[in-house]
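Visitor: I would like a close look at one part of this model, its nonpolar interior. Please start with the overall figures and then work inward.

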Amino acid sequence: MFPNIPTSRQNNNTGNNQNIHKRYTSKPDLYGPFVLTLTMAAILTMSVELQGDWPRHYAEQMILSTAIFLSFTCWLGFTCLLKIGFYALGETSSWSMCAYTTGYALSGHCIALSANLIFSYLFYPCLFIFVGLSSISFGQQLSNRANTRRYNPSVNIFITLVAICK
């Protein structure tokens, strides 16, 4: 969730400044984003159940299924939009890379929603702080993981817009 603050190190072999963090070179896993999506569904379920006086028989099933549907739609829908955007710009990126970065970017949203459960006045400060940090990290991961064959400023603009809209 926290952005990578680079420190420039001189590589003795090539003489170029190279600073690629180990999280950018690792293979993407989908376990973490899947668990974050289920966590978001659980937080949404708890926040809805605490809001109103619902009849218990049907409401729990409806609230839980709606929360799971919304959480997975948020994760997979944004992943598909990201993949379509990269495809439209002519960049190659795997579906798992898009799902990996998008899924881990939901961690800031989970923290802000759980802060709303504890104290409702903490929602907006946590939203700006944690979602902002995860958006910066999301943009860094996208720019480091995108397979750019040439310098394309439209890809950088797209990544910036995606990170802001996330």
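Visitor: How much area does the protein chain expose, and what share of it do carbon and sulfur atoms supply?

Guide: The protein chain exposes about 10,400 Å², and 66% of that area is supplied by carbon and sulfur atoms. Areas come from the Shrake-Rupley method with a 1.4 Å probe, and for residues only the protein chains shown count as cover. This is a predicted model, in which local features need pLDDT of at least 70 and side-chain atom pairs count only at pLDDT 80 or more, while totals for chains, interfaces and linings use all residues. Residues are numbered from 1 along each chain as its sequence is written, and side-chain values use heavy atoms, with hydrogens and water left out.

The secondary structure comes to seven helices and zero strands (DSSP runs numbered from the N terminus: H or I of at least four residues for helices, E of at least two for strands). Along the sequence the pattern is therefore written α-α-α-α-α-α-α. Of the 166 residues, 35% are buried, meaning under 20% relative accessible area, with exposed over 50% and partly exposed in between. Among contacts (heavy atoms within 4.5 Å) with a separation of 6 or more, 69% join residues 24 or more positions apart.

Now the interior. The largest nonpolar core has 13 residues; a core is a set of buried Ala, Val, Leu, Ile, Met, Phe, Trp, Tyr and Cys residues joined through side-chain atoms within 4.5 Å. Leu82, Phe86, Phe138, Leu142 and Val162 touch the most other members. Two or more residues each come from helix 3 (56–88), helix 4 (95–104), helix 6 (123–145) and helix 7 (153–165). Helix 7 gives the most, with five residues. Phe86 touches Glu91, Ser93, Met97, Cys98, Leu142, Ala146, Val155, Phe158 and Ile159, leaving out residues up to four places away in sequence. A second, separate core has eight residues, including Leu36, Phe72, Trp75 and Ala99.

Helix 4 is largely enclosed by the rest of the structure, because seven of its 10 residues are buried. These are Met97, Cys98, Ala99, Tyr100, Thr101, Thr102 and Gly103. Cys98, Ala99 and Thr102 are also in contact with threonine 79, as is Trp95, with neighbours of threonine 79 within four places in sequence left aside. Threonine 79 lies in helix 3 and is buried, with a relative accessible area of 0%.

On the helix 7 side, alanine 163 counts as buried at 10% relative accessibility. Beyond residues up to four places away in sequence, alanine 163 touches Ser135, Phe138 and Gly139. Its C-alpha atom is 6.8 Å from that of isoleucine 136, although the two residues are 27 apart along the chain.

Helix 2 holds threonine 45, which is buried at 10% relative accessibility. The side chain of threonine 45 reaches the backbone oxygen of alanine 41 at 2.8 Å. Outside its neighbours within four places in sequence, threonine 45 is in contact with Ile63, Leu64 and Ala67. Threonine 45 and methionine 62 are 17 residues apart in sequence, with a C-alpha to C-alpha distance of 9.7 Å.

Nonpolar side chains also appear on the surface. Tyr31, Phe34, Val35, Leu38, Leu64 and Ile68 form a patch with about 530 Å² of accessible area together. Helix 2 (31–51) and helix 3 (56–88) each give two or more residues to this patch, and the largest share, four residues, comes from helix 2. Patches are made of residues with over 30% relative accessible area and no salt bridge, with like charges joined within 9 Å and nonpolar side chains (Val, Leu, Ile, Met, Phe, Trp, Tyr) within 5 Å; a salt bridge is a side-chain nitrogen of Lys or Arg within 4 Å of a carboxyl oxygen of Asp or Glu. Leucine 38, in helix 2, is partly exposed, with a relative accessible area of 35%. In soluble globular proteins, nonpolar side chains tend to be buried together.

Technical notes:
Buried < 20%, exposed > 50% of the residue type's maximum accessible area, 1.4 Å probe, protein only. Polar contact = N/O pair within 3.5 Å; in protein donor to acceptor, adjacent residues only side chain to side chain.
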